[in-house]
Amino acid sequence: MRILLIEDDNLIGDGLKTGLEKLGFTIDWFTDGLDGQEALYQAPYEAVILDLGLPGRDGLSILKEWRNKKRLEPVLILTARGDVDQRIAGLNSGADDYLGKPFSLLEVQARLNALIRRQSGQLTPKLSFKDVSFDPQTKKVCKGEKEITLSPKETALLELLLHNKNKVMSKEVIENKIYSWDDEVQSNAVEVHVHNLRKKLGKDIIKTINKIGYIMEDA
Ligand code: CA
């Protein structure tokens, strides 16, 4: 799940980027309001974490502009703890949720997962396909009763395909959704991840649609 993070505090921004990447998210981090605002139009993000006090342009006006332009990405705003006025202004400007600083990484993760789930119309926290189940919060993957170990990018690909069941995903779209601007991507990276997922989860778990892409398709 690729997330846009806009936060000018280096300690908080670095902590979020490093921590969320360890949890399997793909993070593009911007410290300037104007750069961050533009970034939303440059890559497919599942959600945004937005600080309100930013150099360049403040969070609330960024958010208002996105919503005016009909951008529907879920936005989690970061506010000062106890600042009720900020929270209200944020929610009224189109934010979907807020977190008061300081916050715990696991709470950020849980809120992001809830926002992404709601956005994709997912009713239950767990995702499943055939005999494979996946828990976005713990990242635990099971085939039947057996727990399977996946690499972070394999996990990201599995989660992406589960969120888009019965939809063909092109290699380009997959690359854009599981890699950040900072990642160096080998040209056959997606093929390798698909190969590994089939080896670990069963060869019919992902179907190749010739020259178009990949799909997890219900029979
Ligand atoms: Ca700030």
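Two strands count as paired if DSSP finds at least two bridges between them. Helices (H or I, at least four residues) and strands (E, at least two) are DSSP runs, numbered from the N terminus. What you have open is a predicted model, where local features need pLDDT of at least 70 and side-chain atom pairs count only at pLDDT 80 or more, while totals for chains, interfaces and linings use all residues. Residues are numbered from 1 along each chain as its sequence is written, and side-chain values use heavy atoms, with hydrogens and water left out.

**Stop 1: the sheet**

Put the cartoon on and pick out the open sheet of 5 strands, which runs β2-β1-β3-β4-β5 with parallel pairing. β2 (26–30) and β5 are the edge strands with a single partner each, so one side of each has no neighbour in the sheet. From one strand to the next, the twist averages 20°; angles here run from 0 to 180 degrees between N-to-C directions, with axes as lines fitted to C-alpha atoms, for helices over the stretch in contact.

**Stop 2: strand β4**

Now select residues 75–80. That's β4, and 5 of its 6 residues are buried, so the rest of the structure largely encloses this strand. (Buried is under 20% relative accessible area, exposed is over 50%, partly exposed is in between, using a 1.4 Å probe and protein chains only.)

Add β3 (residues 47–51): β3 and β4 pair in the parallel sense over 4 bridges. Look for isoleucine 49, which stands opposite leucine 76 in β4. Follow the chain from β3 through helix α3 (residues 59–68) to β4 and you trace a right-handed β-α-β crossover. Right-handed means that, with the strands pointing away from you, the path from the first strand over the helix to the second runs clockwise.

Then add β5 (residues 97–101), which pairs with β4 in the parallel sense over 5 bridges. Here threonine 79 has glycine 100 in β5 as its bridge partner. The route from β4 to β5 goes through helix α4 (residues 84–92), and this β-α-β crossover is right-handed too.

**Stop 3: helix α3**

Select residues 59–68. In α3, 7 of the 10 residues are buried, among them Leu60, Ile62 and Trp66. Show what surrounds them: the buried residues of α3 pack against β1, α2 (33–39), β3, β4 and α4, with contact meaning heavy atoms within 4.5 Å.

Zoom in on the N-terminal end, where aspartate 58 caps α3 with a side-chain oxygen 3.1 Å from the backbone nitrogen of leucine 60. After the helix comes lysine 70, with a positive phi near 65°.

**Stop 4: the calcium ion**

Which residues coordinate the calcium ion? Select Asp8 (OD), Asp51 (OD) and Gly53 (O), at 2.2 to 2.4 Å. Donors are N, O and S atoms within 2.8 Å of the metal (3.2 Å for Na, K and Ca), and since water is not among the atoms, sites may look incomplete. Along the chain, the spacing of these donors is D-x42-D-x1-G. Aspartate 51 is buried at 5% relative accessible area, whereas glycine 53 is partly exposed at 48%.

**Stop 5: lysine 139**

Finish in the loop between β7 (132–135) and β8 (140–143), where lysine 139 is found. Is lysine 139 buried or exposed? With 18% relative accessibility, it counts as buried. Its side chain makes a polar contact of 3.1 Å with that of glutamate 159. Such a contact is a pair of N or O atoms within 3.5 Å; within protein, one must be able to donate a hydrogen and the other to accept it, and residues adjacent in sequence count only if both atoms are side-chain atoms. Leaving aside neighbours within four places in sequence, the contacts of lysine 139 include Leu23, Gln109 and Phe134.
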